[in-house]
Amino acid sequence: MTKHRLFWPAAILAALLLANVAFTPDFFAVRIKDGHLYGSLIDILHFGAPLILVALGMTLVIATGGIDLSVGSTVAIAGALACLYISRSAEPGSTGTVLTAVGLALLVALVLGGVNGFLVSKVGVQPIIATLILMVAGRGVAQLVTDGQIITVTSDPFQLIGGGYWLTVPFAVVLAAVMVLLTALLTRSTALGMLLESVGGNPVASRLVGIRAQRLIALVYVFSAVCAAVAGLMISSNVSAADGNNAGLWIELDAILAVVIGGTSLVGGRFSLGGTVLGALVIQTLATTIYTIGVPPETTLVFKAVVVIVVCLVQSPKFRAKLANRRRSGAGRGSRSESAAPANLEVGR
Amino acid sequence: MNATLTRRLREHIPLLVTALLLVTMFSVGSVSYEGFFSGQVLLNLLIDNAFLLVVAVGMTFVILAGGIDLSVGAVVALSTMVSASLVEHHHWPILAVVPLVLAIGAGAGWVMGWVIHTFEIQPFIVTLAGMFLARGLCYTISVESISITDSSYTTMAQARIPLPGGVFLSPSAVIAVLVVAVAFVLLHHTRWGRNVHALGGSEQSALLMGLPVARTKIGVYAVSGFCSALGGVLLTFYMLSGYGLHAVGLELDAIAAVVIGGTLLTGGTGYVLGTVLGVLVLGLIQTVISFQGTLSSWWTRIVIGALLFVFIVLQRLTALRRRS
């Protein structure tokens with residue numbers, strides 16, 4: 001059973017959840033109050049929804065061997081634009097206004113994702129660097145949109161997106177679930193997922209067999225930006241305000257972490273949406289746990305760092321080989337197989 | 001013009017563009033704003049950006065070797081935090097604090113380099129973890145900002161070194177210039193520097209040629225860690241405080257300075273003096289924005305982003321043309 005690729009993320013999540021029961025005995029209790037579901041588990045899903053979305057987009061980007069550092073800025077820009085539009089309009093409470101604001105945010109996300117996609121696929125810039133540009137400039141743009149202020153909005157339809165409930169369930173959770181399911185259907189019931197993995201595995205070979213690699217690569221960056229924009233809408237809706245400086249800060253790192261915990265290799269060529277969702281929930285649960293046991297929330301970063309290092313070491317073929325070697329040749333005597341090193345080197349740089 | 005001359009000229013296009021940009025920005029600033037055209041404004045660029053210059057020089061080594069170091073900003077913050085806490089809460093003398101901080105920085109870089117090399121994990125993910133760790137450690141020391149009142153630190157902060165012509169430099173700026181000089185010699189006039197270039201050009205070739213790949217690769221991260229810690233020390237002199245949120249986003253500024261300075265992001269080609277130009281361009285953007293007054297500070301980020309975009313596309317275009 002440990003061979004199943006979702007085993008480890010699921011085991012970590014289960015362990016974390018169980019650890020919480022030690023501190024808060026009624027951790028698993030879910031009650032219905034005012035027709036809404038209440039409880040720690042619901043909270044984890046609710047507050048984790050934006051991260052799940054951002055990580056969803058990140059998964060497909062990483063599947064093609066790329067990375068998108070600009071999602072945090074996209075979150076901030078989308079939230080800022082929507083809040084600005086709603087606060088300026090004559091009827092901030094009307095559904096039409098909110099739909100226009102949402103449309104506006106998604107449209108801008110299409111453009112931002114398009115720029116990333118263009119730089120990576122057409123110009124051929126390394127993904128870290130191409131998306132770094134928007135990461136740097138994006139916060140400035142978000143600040144420019146909000147004029148450096150925190151824009152607060154009072155609009156019931158807008159509040160629904162991140163803070164509202166639908167059939168007793170937080171609407172954000174429904175939205176995230178729908179997007180995950182749609183993506184899963186699109187990538188696993190059609191050839192799209194396989195094509196993405198093929199491009200991530202070997203872009204040149206994929207092009208030679210007739211896959212439009214460039215177009216696919218551009219597409220995943222656009223998708224990632226749209227996911228980030230929806231997450232941005234959720235975050236700003238949940239607090240009914242847009243903060244250009246702090247909205248979505250460091251979410252790109254959390255998203256990458258979620259993807260990695262979920263078992264998707266950073267090298268590309270393989271991905272697991274289920275793993276990503278589990279990974280995002282692990283991170284959200286970790287944050288909740290740290291809150292409940294009373295450790296200063298700022299130290300979450302140390303825990304995350306340890307998780308990143310452990311997960312990456314476990315994923316590293318070199319590390320596994322060394323462990324296996326050590327076990328075989330008896331403890332202590334590390335007979336390194338240096339001869340294998342050149343074969344493992346990255347070829348297409 | 002003969003072929004080699006045009007080829008060499010083309011290799012230097014990004015650097016020439018940066019120099020031209022610097023001159024243009026300074027001239028436009030001088031024409032537009034009163035008091036802009038002075039030696040002191042130029043030297044202030046160096047004084048205000050001494051820490052960024054030192055960090056960016058360290059980043060130049062890493063990028064030249066084909067890697068990336070995202071932990072620099074966090075290591076800077078950790079250095080300010082460790083310094084402030086030791087000086088203020090434990091009353092350590094400055095002469096004990098600074099070497100310790102530098103050792104921590106170099107050690108952290110060494111460990112990250114070792115992990116990157118030994119387990120073949122991508123540099124950006126390892127240094128990302130380093131970034132988390134360093135920022136998290138800042139908060140375990142203190143969540144609040146610690147201000148420094150120690151006399152040796154305030155002396156360093158206020159000291160002015162007069163130069164001919166009625167202008168002055170700060171000790172930090174002098175240290176930064178010294179770091180640039182040492183880095184220049186190391187990278188362009190030693191065997192180790194050549195190994196760094198070779199490693200960035202092609203790791204596989206470097207390995208096949210028998211160059212000490214492991215030592216070189218781990219070394220550049222140690223250098224970057226050392227430079228970040230030194231940058232942190234200089235920032236402590238500048239800010240007179242330690243804070244976990246100091247230098248947020250500094251890694252991006254450093255990468256931007258290196259790229260604008262003409263160093264290829266893929267590694268193998270680059271110039272320490274280009275990085276100096278890059279830092280000066282970034283500093284000048286900030287100066288222009290502060291002289292303008294009405295332009296808000298977030299324009300700095302937008303302009304830096306736009307510049308990065310232009311220079312990266314420029315790099316790709318020149319690289320593509322060279323290949324064909």
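Which side chains meet in a salt bridge at 3.3 Å, N to O, with Glu203(B) as one partner? I looked up Glu203(B), and its partner is Lys217(B). I count a salt bridge when a side-chain nitrogen of Lys or Arg lies within 4 Å of a carboxyl oxygen of Asp or Glu.

Basis of these notes. This is a predicted model, where local features need pLDDT of at least 70, side-chain atom pairs count only at pLDDT 80 or more, and totals for chains, interfaces and linings use all residues. Residues are numbered from 1 along each chain as its sequence is written, chains are lettered from A and ligands numbered from 1 in the order in which they are written, and side-chain values use heavy atoms, with hydrogens and water left out.

Entry 1, the Glu203(B) pair. The pair links distant parts of the chain, 14 residues apart. Glu203(B) sits in helix α11 of chain B, and Lys217(B) in helix α12 (residues 213-239) of chain B. Helices (H or I, at least four residues) and strands (E, at least two) are DSSP runs, numbered from the N terminus. I then checked exposure. Glu203(B) is buried at 16% relative accessible area. Lys217(B) is buried at 14%. Buried means under 20% relative accessible area, exposed over 50%, partly exposed in between (1.4 Å probe, protein chains only).

Entry 2, other salt bridges. I find four over all chains. One of them joins Arg301(B) and Asp253(B) at 3.3 Å, N to O. Arg301(B) lies in helix α15 of chain B and Asp253(B) in helix α13 of chain B, so the pair ties together parts 48 residues apart in sequence. Arg301(B) is partly exposed at 25%, while Asp253(B) is buried at 16%. In chain A, Arg188(A) bridges to Glu197(A), with the closest N and O atoms 3.5 Å apart. Arg188(A) is partly exposed at 41%.

Entry 3, the interface. How many residues does each chain bring to the contact? I read 41 from chain B and 43 from chain A, with contact meaning heavy atoms within 4.5 Å. The two chains bury about 4,200 Å² between them, 80% of it on carbon and sulfur atoms. Buried area is the accessible area (1.4 Å probe) that two parts lose on being put together, summed over both. Phe119(B), Phe132(B) and Trp298(B) supply 18% of the area that chain B buries against chain A, more than any other three residues. I looked for salt bridges across this interface and found zero.
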